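The following report describes a single protein chain, moving from its local backbone features to its helix packing and its core. Please consult the sequence and the model alongside the text.

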Amino acid sequence: MRANSVVMSLLVLVSLFVAAAHAEKQSWVSRFDGWKAKMGSAELQRTGFLLIDSHIHLKGDLTLKKALDYSRKTGVFYGIVANCGLNFPITDDQGINEYLKKMEGQPCFVGMQAEGREWPTLFSKEAIAKFDYVFTDAMTIVDHRGRRARLWMPEEVDIPDKQAFMVLLVRTIEQILDNEPIDIYVNPTYLPDVLIKEYDTLWTPERLKRVIDATARNGVAIEISNRLKLPKADFIRQAKKAGIKFTVGTNNIDSKLGREEYALQIIRECELKPSDMFLPKPDGKKPIQVRGFKTK
Ligand SMILES: [Zn+2]
């Protein structure tokens, strides 16, 4: 009798424990599934779509460990990118080699963000080719005064004539795409803060087409930027028709990496397929190896 009640109590305890564990597991699973469904990445992965965010910086409070933990949690593969160029953390081959040594064997891509228009003169082809990919943007230009201007720094921006600025910007983007051996054009169609409200009128269809033509003829991919929410769907559709590949990039400034919201919206809206997405080129086929530099 006594033994029976002990067994009964044990059974009750065990079943309570199992039920609790099950409830805990269920709530964890549903929380995680709900979160992933919200992201849409689970849905994408079921269709064989590997989501890669190729524009993650170890900036602010974001350490490599934190980035990789988040990558595992979200199922989004990351490309960790180093800023290389004049007045940036990496300015020569030695800097590249030291950086790559630190990143060796990590479960992520390692990319180079080439900064400023003089970057091809700072590094050797061999050092650059060690990265999985190279990208740049048109956010540092030589302006109408002949000055190096970083367009995200309001004190360096001088735009007395908006139309003339757009002419110069489009020409700069064409020159970058035609002359700099990059894999991806990032922060595409970015405009400085003072012009952002006029984005739709300043970026005329003709100007956008020139950017698409230059990107296509040089086999360069275009980033879908989560942070800038650019480019817009129409541009992506036209670029897709021109055979251009796409990447997804967050360009974070700290550990707030977001959930790829804008990219997922564009992927759905423009019906992008895995075959529309960029993958790093194998050794020997990288733009830096195939195109080299067209130096002045
Ligand atoms: Zn960046």
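In this predicted model, threonine 189 is placed in the loop between strand S7 (184–185) and helix H7 (199–202). Although threonine 189 is not a glycine, its phi is positive, at about 60°. The surroundings of this residue contain 23 other C-beta atoms within 10 Å, and because the threshold for burial is 20 or more, threonine 189 is buried.

Asparagine 87 likewise has a positive phi, of about 65°, without being a glycine, and it is found in the loop between strand S2 (77–84) and helix H4 (93–103). Its environment holds 10 other C-beta atoms within 10 Å; since a residue with 12 or fewer counts as exposed, asparagine 87 is exposed. The two residues are set side by side below.

| Residue | Phi | Other C-beta atoms within 10 Å |
|---|---|---|
| Threonine 189 | about 60° | 23, buried |
| Asparagine 87 | about 65° | 10, exposed |

A further backbone feature is the cis peptide bond that joins leucine 230 and proline 231, with an omega of about -10°. Proline 231 belongs to the loop between strand S8 (221–225) and helix H9 (233–241).

Turning to helix packing, helix H6 (residues 162–179) and helix H8 (residues 205–217) have axes 9 Å apart and pack at an angle of about 10°. Angles under 35 degrees count as roughly parallel, and H6 and H8 are therefore roughly parallel to each other. On the H6 side the contact involves Met166, Val170, Ile173, Glu174, Leu177 and Asp178, which meet Arg207, Arg210, Val211, Ala214 and Thr215 in H8. Sorted by class, this contact of H6 with H8 comprises 6 nonpolar, 1 polar and 4 charged residues.

The largest nonpolar core of the model has 62 residues, and those with the most contacts inside it are Cys84, Met112, Val134, Ile184 and Tyr185. Helix H6 supplies the largest share of this core, namely 6 residues. Leaving aside residues up to four places away in sequence, valine 134 touches Gly111, Met112, Ala114, Ile128, Ile182, Asp183 and Ile288.

For the chain as a whole, there are 11 helices and 9 strands, and buried residues make up 32% of its 296 residues. Among contacts with a separation of 6 or more, 77% are accounted for by residues 24 or more positions apart.

Terms used. Residues are numbered from 1 along each chain as its sequence is written. This is a predicted model: local features need pLDDT of at least 70, side-chain atom pairs count only at pLDDT 80 or more; totals for chains, interfaces and linings use all residues. Axes are lines fitted to C-alpha atoms, for helices over the stretch in contact, and angles run from 0 to 180 degrees between N-to-C directions. Helices (H or I, at least four residues) and strands (E, at least two) are DSSP runs, numbered from the N terminus. Angles under 35 degrees count as roughly parallel, over 145 as roughly antiparallel, 65 to 115 as roughly perpendicular and the rest as oblique. Two residues are in contact if their C-beta atoms, placed from the backbone, lie within 7 Å. Ala, Val, Leu, Ile, Met, Phe, Trp, Tyr, Cys and Pro count as nonpolar, Asp, Glu, Lys and Arg as charged, and the others, Gly among them, as polar. A nonpolar core is a set of buried Ala, Val, Leu, Ile, Met, Phe, Trp, Tyr and Cys residues joined through C-beta atoms within 7 Å.
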